[in-house]
Amino acid sequence: MSDNTTLNNLSMVGTSTSGGGSFLNVKVTGECQFNDTVDCRRLSLTGNVRVDGDLRLEKLKVTGELAVAGVLTGQSLRGTGEVKAASARMEQIDFSGSLVVHGDCEAEQLEISGAAVVEGLLSAERLQINLYGAGKAREVGGGTIVIKQNKTGKLLNLIKAKQDVIFRADLIEGDTIELQCTVADTVRGGSVIIGPDCVIQTVEYREKLEIHKNAMVKQQVKI
């Protein structure tokens, strides 16, 4: 990013387009398409934004929908709605809604209330997903991993079929793992809790394993 003293703020209202570039703070209210990569300190959007390139920033606040054709990188992502990106690297993610990443998604701290769909690796030192929709990742890795049904899930189940509230992964690996409503081939960790509505092919654990009576684990291996 350029020296902040040479950058201007950008405010866009209504339906608009921009060629992209480097900015200080960007505020979008409405619909906006950036035709190239965007660098900025902060992006605040209320509405719908598409970036036909990478999006590099410090702080991102979303109320609505954001689609990034390239890589999304920054310090923090907060808000509600839907975020899509080719890949994502953020220090902190605290988001309610839908996060869709076509490659890998990496963070230090990650908490999502809703659905996370990651085609590659989903990783964070502290990772929590509060499910109220279907989610998946090829692999999940981290220090502490918690995947649970959202507290309002029982109410939402009156509208949506319960089988929709499932997280699927090939591999889940971490130091401390607690799962609900999860279908996985392999779960590997130190301390592992397999909660209700889980179907796991193999659990490999080092220290402790707890399995709920309403969960299915086909193979347990102490390593």
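Which residue forms a salt bridge with Lys148? Select Lys148 and look for its partner: the answer is Glu178, with the closest N and O atoms 3.4 Å apart. Bear in mind as you go that this is a predicted model. Now colour the strands. Lys148 sits in strand β9 and Glu178 in strand β10 (residues 167–179), so this pair ties together parts that are 30 residues apart in sequence. Switch on a surface and you'll find Lys148 partly exposed, at 27% relative accessible area, and Glu178 partly exposed as well, at 26%.

**More charged pairs**

Keep the salt bridges on show; there are twelve in the whole structure. Next, pick Lys136 and Glu119, whose side chains meet in a salt bridge at 3.7 Å, N to O. This one also links distant parts of the chain: Lys136 belongs to strand β9 (residues 135–149) and Glu119 to strand β8 (residues 105–131), with their positions 17 residues apart in sequence. Buried or partly exposed: which is Lys136? Lys136 is partly exposed, with a relative accessible area of 37%. Glu119 falls into the partly exposed class too, at 39%.

Now jump to Asp94 and Arg78. They form a salt bridge in which the closest N and O atoms are 3.5 Å apart. On the surface view, Asp94 comes out at 34% relative accessible area, which means partly exposed. Arg78 has 37% relative accessibility and is likewise partly exposed.

**A buried serine**

Leave the charges and select Ser113, which you'll find in strand β8. Ser113 has 18% relative accessibility and counts as buried, because the cut-off for that label is under 20%. What does Ser113 touch, leaving out residues up to four places away in sequence? Show Phe95, Ser96 and Gly97, then add Asn130, Tyr132 and Asn150.

**Into the core**

Time to hide the polar side chains. The largest nonpolar core has 63 residues. To get your bearings, show the ones with the most contacts inside it: Phe34, Leu66, Leu122, Ile172, Val187 and Ile194. Which strand gives this core its largest share? Strand β7 (residues 59–101) does, with 14 residues.

Zoom in on Ile172, one of those well-connected core residues. Setting aside residues up to four places away in sequence, Ile172 touches a list that includes Val140, Ile145 and Ile147, as well as Ile177 and Leu179. Carry on to Thr182, Ala184, Thr186, Val187 and Arg188, which Ile172 also touches. Val187 is worth a second click, since it appears both in this contact list and among the core residues with the most contacts.

**Last stop: the cysteines**

Finally, select the cysteines. How many disulfides does the structure hold? Zero. Cys32 is in no disulfide, and the nearest cysteine sulfur, that of Cys40, is 11 Å away. Cys32 is buried, with 5% relative accessibility. Then move to Cys181, where the nearest cysteine sulfur belongs to Cys198, 6.8 Å away. A disulfide needs the two sulfur atoms within 2.5 Å, and Cys181 is in none. Check its surface before you finish: Cys181 is buried, with a relative accessible area of 3%.

Technical notes: Residues are numbered from 1 along each chain as its sequence is written. This is a predicted model: local features need pLDDT of at least 70, side-chain atom pairs count only at pLDDT 80 or more; totals for chains, interfaces and linings use all residues. Side-chain values use heavy atoms; hydrogens and water are left out. A salt bridge is a side-chain nitrogen of Lys or Arg within 4 Å of a carboxyl oxygen of Asp or Glu. Buried means under 20% relative accessible area, exposed over 50%, partly exposed in between (1.4 Å probe, protein chains only). Helices (H or I, at least four residues) and strands (E, at least two) are DSSP runs, numbered from the N terminus. Contact means heavy atoms within 4.5 Å. A nonpolar core is a set of buried Ala, Val, Leu, Ile, Met, Phe, Trp, Tyr and Cys residues joined through side-chain atoms within 4.5 Å.
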